[in-house]
Amino acid sequence: GKLAILGMGYIGLPTAVALATRGIEVIGVDVNRDIVAAVSRGEVPFVEPDLAISVSGAVAMGRLTATTETPEADAYIIAVPTPFNGDHTADLSFVQAAVEQVAPKLRPGNIVVLESTSPPGTTQKLAEWISAQRPDLRMPDDSEPNADIFIAHCPERVLPGRIMIEIITNDRVVGGLTPRCAERAASIYRVFAQGEILLTDAASAEMAKLVENAYRDVNIAFANELSLIAESLHIDIWEVIRLANRHPRVKILSPGPGVGGHCIPVDPWFIVSAAPLLSTLIRTAREVNDRRPHHVAEQVVAKAQRFRSPTIACLGLTFKANVDDIRESPAIEVVGLIAAALPEVDILVCDPYVDHVPAALSGYANVRLENAHAAVERADIVVLLVEHEPFKAMRHTRLGGKVAYDTRGVWR
Ligand code: SAJ
């Protein structure tokens, strides 16, 4: 079979190589010409462990190609971003644009799978969009056993930094518009998934994905709130969590400078906007986590008042450790808040995965990119924002005599 994947990002590309290396002919489609050119050369436009080698292999074997034009195929996987609008509702314009590309190519028997994280009801909408463009095709619904097209939602659930492992080993939820749709879509994932494939309906699959990320968000918010409380009581939160987690049924997550990435800060809002009056805990967790960067920045500004003209080193810019992804990064927000509050103070930012001052910080004349050792050497205050491996090792050697503020609890 021949399979097209729309969206060559953090999910589409790993999925493409997972299928291609098992003998499927995969065509990667992206609207961005630079990404298509990179993939065509066998290169990966972002950092993810073990991905580069698989992509160059799949391209060299001729199993993976890339293009900006959606081709005819037997199955289509849509893996485009679903960001949110200003009012926290989902922006489905990328999904809609992908569907518009796919619809004219569809032939009876084709499978269309939506992988993008989506609010409840999106898979059904996708069928309606296709139907509007292709009234000649019979859409799957309960009263139509002889549908021409099979439509399902199979949300991705891989953890950035571990994508190549988790894409193979994770269990997968496949939600069909009908049971046959789920069965057909599952046949794609059986090619490479070693985890269990759990068949369900589309709306349950949509909701399960959102719930997974809301669960994590709420649990991180709990840790962040505990951190505030402990700080006010002059108790070491890391010690408290270490002790509490020795209870057999307690597993508290880690407080930090905030919750970033393109998933966890976004997805819970899709639940809130689907049921605003009922989502009090989920909404509050979002607010607790969104407040974190402000709290961390306030703490740093307070420490800076002790110096006449301090230099501040901020270690880490990505949204979490050991990835190069800076989307929705709380570290960048913290640096921006400090830079705005202390315009006279030199702020040196360092990150082994980032080679430029991110756009969000380029407006601050007092923010400069520096290598970590030089920055720490010069700094009076060292703020650890992301626990990248090389930063962890700095804990004893380089910090003597400086004010160290460790937001990740790895220097204690
Ligand atoms: N964080 C903390 N404390 C913790 C754990 C995380 O502050 O104890 C912060 C991180 O620093 C980061 C943010 O939360 O800023 C999110 O990081 P993460 O590692 O929890 O999750 P992501 O965004 O990399 O990936 C999540 C995963 N979802 C779950 O674990 C339920 C992943 O499996 C999903 O596939 C992914 O979202 C997604 O694409 O939806």
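1. Leucine 315 has cysteine 350 in E10 as its bridge partner. The model is predicted. Strand E9 (residues 311-315) and strand E10 (residues 346-350) run parallel and are joined by five bridges.

2. These strands belong to an open sheet. Five strands build it, ordered E11-E10-E9-E12-E13, and the pairing is parallel. Strand E11 (367-369) and strand E13 (403-406) form the edges, each pairing on one side only. On average, neighbouring strands of the sheet are turned by 20° against each other, direction ignored.

3. Helix H12 (residues 330-341) packs on this sheet. Helix H12 touches E9, E10 and E11. The direction of helix H12 makes about 170° with that of E10.

4. Now the domains. The assignment gives domain 1 (2-195) and domain 2 (213-406). Their centres, taken over C-alpha atoms, are 33 Å apart. In the contact between them, domain 1 takes part with 13 residues and domain 2 with 14. The side of domain 1 that touches domain 2 has nine nonpolar and four polar residues, and no charged ones.

5. Where does the ligand lie? Both domain 1 (2-195) and domain 2 (213-406) give residues to the shell around the ligand, so the ligand lies between them.

6. The shell deserves a closer look. There are 21 residues around the ligand, and Leu253, Ser254, Gly256, Gly261 and Cys263 come nearest. By class, the shell has 10 nonpolar, six polar and five charged residues. Helix H8 (residues 202-232) gives the most to the shell, with four residues.

Terms used. Residues are numbered from 1 along each chain as its sequence is written. This is a predicted model: local features need pLDDT of at least 70, side-chain atom pairs count only at pLDDT 80 or more; totals for chains, interfaces and linings use all residues. Domain bounds come from an automatic or database domain assignment. Two residues are in contact if their C-beta atoms, placed from the backbone, lie within 7 Å. Ala, Val, Leu, Ile, Met, Phe, Trp, Tyr, Cys and Pro count as nonpolar, Asp, Glu, Lys and Arg as charged, and the others, Gly among them, as polar. A residue is near a molecule or strand if its C-beta atom, placed from the backbone, lies within 6 Å of it. Helices (H or I, at least four residues) and strands (E, at least two) are DSSP runs, numbered from the N terminus. Two strands pair if DSSP finds at least two bridges between them. Axes are lines fitted to C-alpha atoms, for helices over the stretch in contact, and angles run from 0 to 180 degrees between N-to-C directions.
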